[in-house]
Structure formats: structure tokens, C-alpha cells
Amino acid sequence: MLNLKLSHNPLIQYRPIRTSDLEVLEKIHGDLFPIRYESEFFQNVVNGRDIVSWGAVDRNRPNEKSDELIGFVTARTVLAKDSDIEEFLRYDSSRSEQTLIYILTLGVADSYRNLGIASSLIREVIKYASNIPTCRAVYLHVISYNNPAIYLYKKMSFQCVRRLSAFYFINGQHYDAYLFIYYVNGGRSPCSPLELIKLILTGAKSGFRMVATKLWRKEDRKPSKWSKCKESGSLLPTKHNKRMPTEGALSQFV
């Protein structure tokens, strides 16, 4: 696809982020995100300290910039038992080694948007996670007003499982976030839609309707503690006890 903002036909390739990318990586983050990251975060990225990363470059870029980053994704491994999505996993507590991949930041320079670069970077993360036998999912948070990112993750089969109220605090203002999950290596929700239907039918056979009627009469005047995720249409609690990994996890933009 030809991008009218470019004066040439780009040739996009992907590679690991290196120490020589430090200055450009900091600049792109500064251009794209409404918050500022600590220098330690960038040092950890370029040196591979508990963070994996991929960069996109344009091999046809003129002025000796053919190896300069024009896009990136950063991620880290998280123990499932220590994550804030444990309740969304069919989790075996006896297998403490089960892991997840959490996407920290994702971004593409403005002039290289709509070329499929963000999708390709996400696929690199999914491929990486799929090659880790203990990994069960890739997950991330997206600020509620970032519609392009929300659309992208939905298109790539990520599941929106929760809306988190006032999750971000940026420039003195709170913003909601959506939690997205992509299951790998047989990882899945602890209750699939089919299993949920079976559960409802089983409950109906054992007098579920009568019990539900009593509960409804008792609870219909109480305010609901459930919120609707407008992306998935599923009802989920807004309460979240465990926090996400700290570094670089405050924003998610495409």
C-alpha cells in the first residue's frame, strides 16, 4: 500500500531492537505517548533486561536512515499467578511456571501508519509467545479513547474482557482502559461460551428459575457492580486487585 506521506516505496523489515536504537526509540516514544518514560525503561529495552522487543525499519529510506527505527513493540514475560488476568485463564495452580507475555508499548511513526506495521509487530509477539511452552496468553491494556488500537486488536482476534475504570492518570485526568487477551498454546478462558450455556441449562433443570426469581427480587434495587465492555458485549466486574507490570505499561498506542 502506498502511503502518500512518503516520497518513496518503503521496504519494511523487522529486527530486534539494539543499543544503537536508544536515541530514536526515546524520540518516537516522546512523539507518540502522552506520558514520559524513565531512562531506565529505555536502557532495559535496548539491552534486553527482562524486556523483549522488535523494531521496524524501512530499507528503502533515503539519507542513510535505512536502519533507523520507524516502529517498535516492547513486551515482557509475567508469571500467570502474579498477573492481573489470572481469573481469565484456565489456570492450574499446581503449575506455577505458567507464564504470559504482556505488551508494554507499541508504536509506529506517523508517516508510516496504515502500512500494516503494527499488525506485523504484534504477530512477532504472538509468534514469540507461541514458542514458549509455558506461555498461555498475550495481553495488554488500551486507553479507552484510542479507537485505532482497539480496532486493531479486535481485528487480530484479541478478546476484550474488561473495562477498567480510571485505570490511567495522565496530565491530571483519569481515563478508563480496556483489557485485551490473545490466548496461545491451548490457553483459554476458564469458562467458554458453550460451557456457560451448559451451566445455565443445568441450573434450570435443578430449579434455577425459582432461585433466580428470589435473588432478582432481593437484588433488583441494588446498584450493579458489573460494567459492560462495549467492545465485546460481555459483563465483567470492574474491580481489579493485581496491577500490571510497572515499566512502560501506562499507554498503548498505534
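## A tour from Y128 to the α2 ring cluster

Start by selecting Y128: with a relative accessible area of 29%, this residue is partly exposed (20% to 50%; under 20% is buried and over 50% exposed, with a 1.4 Å probe and protein chains only). Before moving on: this is a predicted model, where local features need pLDDT of at least 70 and side-chain atom pairs pLDDT 80 or more, while totals for chains, interfaces and linings use all residues. Residues are numbered from 1 along each chain as its sequence is written, and side-chain values use heavy atoms, leaving out hydrogens and water.

Now add W54. Its ring and that of Y128 make an edge-to-face aromatic pair, 5.5 Å centre to centre with 70 degrees between the planes. (Rings of Phe, Tyr and Trp, the last by its six-membered ring, pair if their centres lie within 6.5 Å; planes under 30 degrees apart are stacked, over 60 edge-to-face, the rest tilted.) W54 is buried at 12%. Because W54 sits in strand β2 and Y128 in helix α3, the pair ties together parts 74 residues apart in sequence. (Helices are DSSP runs of H or I with at least four residues, strands runs of E with at least two, numbered from the N terminus.)

Stay on α3 (117-130) and show α4 (147-155): their axes are 11 Å apart, at an angle of about 50 degrees. (Axes are lines fitted to C-alpha atoms over the stretch in contact, and angles run from 0 to 180 degrees between N-to-C directions.) For the contact (heavy atoms within 4.5 Å), pick A118, S119 and I122 in α3, then L152, Y153 and K155 in α4.

Next, jump to α1 (22-32) and α2 (39-46), whose axes come within 10 Å and cross at roughly 130 degrees. Light up L22, L25, E26 and H29 on α1, with F41, F42, Q43, V45 and V46 on α2, to see the contact.

Which residues of α2 are buried? Select F41, F42, N44, V45 and V46. What covers them includes α1, β2 (52-58), β3 (69-79) and β4 (99-108). Just after α2 comes G48, with a positive phi near 65 degrees.

Last stop, the rings. The whole structure has 12 aromatic pairs. One of them is F41 with F42, edge-to-face at 5.3 Å centre to centre and 65 degrees between the planes. F41 counts as buried at 3% relative accessibility, and F42 does too, at 4%. Finish by showing F33, Y37, F41, F42 and F72 together: ring pairs link them into a cluster.
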